[in-house]
Amino acid sequence: MKTRNNKIQKPSIPQTSMTATYNLPDGPQMPRWLRMIKFIGQPIKYVDDFAKIYGDTFTIRSSRSDNHLVYFSQPQALEQIFTADSSHFEVGGGNIGLKFLLGDRSLMLADGDRHQRQRQLLAPPFHGERMRGYGEDIEKITRQVSNQWQIGKPFKIRESMQEITLRVIVRVVFGLNEGELFEELRRSLSDLLDFISSPVMSSAFFFRFIQKDFGAWSPWGRILQQRQKIDQLIYALLRERRAQSDENRQDILSLMMAARYDDGQRMSDEELHDELMTLLVAGHETTASALTWAFYWIDHLPEVREKLLQELNTIGVNPDLSSVAKLPYLTAVCQETLRIYPIAMTAFVRVVKTPIKIMGYELPQGTAIVPSIYLAHHREEVYPQSKQFKPERFLERQYSPYEYLPFGGGNRRCIGMAFAQYEMKIVLATILSEFQVSLVNKRPVRPVRRGLTIATPAGMRMVATPQVKPANTPALI
């Protein structure tokens, strides 16, 4: 089997502790503590270095002989993984580290029939006319936040994008407008997510010994206290909403409350709570990070900004937001943003339940399969000059779901994919029609870990100035 550099891959080391019919790819032998420091502190270099040495597929060995992690990035391998019968894998168990945040009824922690039932119930609001109906809310919130910028004064762009995406979640998903509950929930959610995504607390996702409650003054105790406060707010909202009889509400929570399983049952309050937390965690930080990266690249590459502004200037005054979402270069900029530094570096880990063969490797029960989104997005034969930001590549060809997969794949692909892409386009078009947003420090930015994702450094600052509009050319208003 060939590596990414077209070298013959070294033979796999025999697995003496396994049945002879099983074989795993080669992989690093470094101590776990050293590997975890690199995994947490240098997430991009971590996989890039291993791929250069071991090729398309490599094994991260566990101290337990039946619990190794095997990384795959070839399109053929990803197709085999994503199209395999789901009974081969357990996926929810791989996300058990999120249980403290999401609850044990979350879609992310479900498997089998329960996962399929929940997914069918949750998916409809994120597609079609219902989703497009949220566009005006996204545009309005974007204006509210960006209009608070002081012209010429540096600000942290990530904080603004977090504010936009959080307000969108609270408005579109929770159905809350301005008011006391809106502000209390927004503030509590923001405090919790900022704290657990800090560099120190990011380690808590990977080291269980950090997850110790020593009271409200300890880091983990503070997280549990914040989580309890949010729980109280959400359950109060559910009680209030159940007491109402407004059947015309179109927010996602109301649609979830009205939905029925095949047996006619509604979702319980516990299920609703856990799914709300799931949508919040999956749709807030991720989209904020993607938008921050987009503004970085648009400023970093003036030719990208110019092409984007030229396209935005063609859509006239008060355009239909669906026409904004169809702009080809804007779409390509969003796609390339999600390709070069995918917010989630891997798709959901699949833990093998019954032995399966992937790319000629016989993987035993307990093996954790890691579909690497980042490495798939940086295969030179698929994306020439993959380290360069080139939106044009998405105008020149279409990529298969096994070559381009920023939202994962198979039956675990993010149900909010279409909504996230739509939100990105509306936010970018709204801001760029009014402001030129420029980096204070023009040095190249390197990704850093933020919880389970990769993002720009939190302190990255930009300056907003009025967008210079061409004469006689209407802008998006």
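Strand β4 (residues 155–156) pairs with strand β12 (residues 461–466) in this predicted model. The pairing is antiparallel and runs over two bridges. Lys156 stands opposite Arg461 in β12.

Strand β12 has another partner, strand β9 (residues 435–439). Here too the sense is antiparallel, with five bridges. Leu439 faces Met462 of β12 across this pairing. In a regular strand, side chains alternate between the two faces of the sheet.

The table sets out both pairings.

| Strand | Partner | Sense | Bridges | Residues opposite each other |
|---|---|---|---|---|
| β4 (residues 155–156) | β12 (residues 461–466) | antiparallel | two | Lys156 and Arg461 |
| β9 (residues 435–439) | β12 (residues 461–466) | antiparallel | five | Leu439 and Met462 |

Next come two loop residues, His377 and Cys414. Helices α18 (373–376) and α19 flank the loop that holds His377. Is His377 buried or exposed? Its relative accessibility is 0%, and the cut-off for buried is under 20%, so His377 counts as buried. Leaving aside neighbours within four places in sequence, His377 is in contact with Leu338, Arg339 and Pro342. Tyr383 and Ser386 also touch His377. So do Glu403, Tyr404, Leu405 and Pro406. Pro406 lies 29 residues from His377 along the chain, and their C-alpha atoms are separated by 8.6 Å.

Cys414 sits in the loop between α19 (393–396) and α20 (417–432). An unreviewed UniProt entry annotates Cys414 as "binding site". Such annotations may be inferred rather than shown by experiment. Relative accessibility at Cys414 is 31%, which lies between the 20% and 50% cut-offs, so Cys414 counts as partly exposed. Not counting residues up to four places away in sequence, Cys414 touches Arg119 and Phe407.

The second largest pocket has a volume of about 510 Å³. Which residues are closest to its centre? Of the 26 lining residues, they are Gln335, Tyr404, Arg413, Met417 and Gln421. Two elements, α17 (328–340) and α20, each give two or more residues to the lining. Helix α20 supplies the largest share, five residues. By residue class, the lining divides into 15 nonpolar, eight polar and three charged.

Tyr404 links two parts of this account. Tyr404 is in contact with the buried His377, and Tyr404 is also among the residues closest to the centre of the second largest pocket. Helix α20 recurs as well. The loop with Cys414 lies between α19 and α20, and α20 gives five residues to the pocket lining.

Conventions
Residues numbered from 1 in each chain as written. Predicted model: local features only at pLDDT ≥ 70, side-chain atom pairs only at ≥ 80, totals over all residues. Heavy atoms only, no water. Helix = DSSP H or I, 4+ residues; strand = E, 2+ residues; numbered from the N terminus. Buried < 20%, exposed > 50% of the residue type's maximum accessible area, 1.4 Å probe, protein only. Contact = heavy atoms within 4.5 Å. Pairing = 2+ DSSP bridges. 1 Å grid on protein atoms, 1.4 Å probe; cavity = no way out; pocket = protein on both sides within 12 Å on 5 of 7 lines; lining within 4 Å. Points joined across faces, edges and corners; volume = space filled by probe spheres on them. Nonpolar A, V, L, I, M, F, W, Y, C, P; charged D, E, K, R; others polar.
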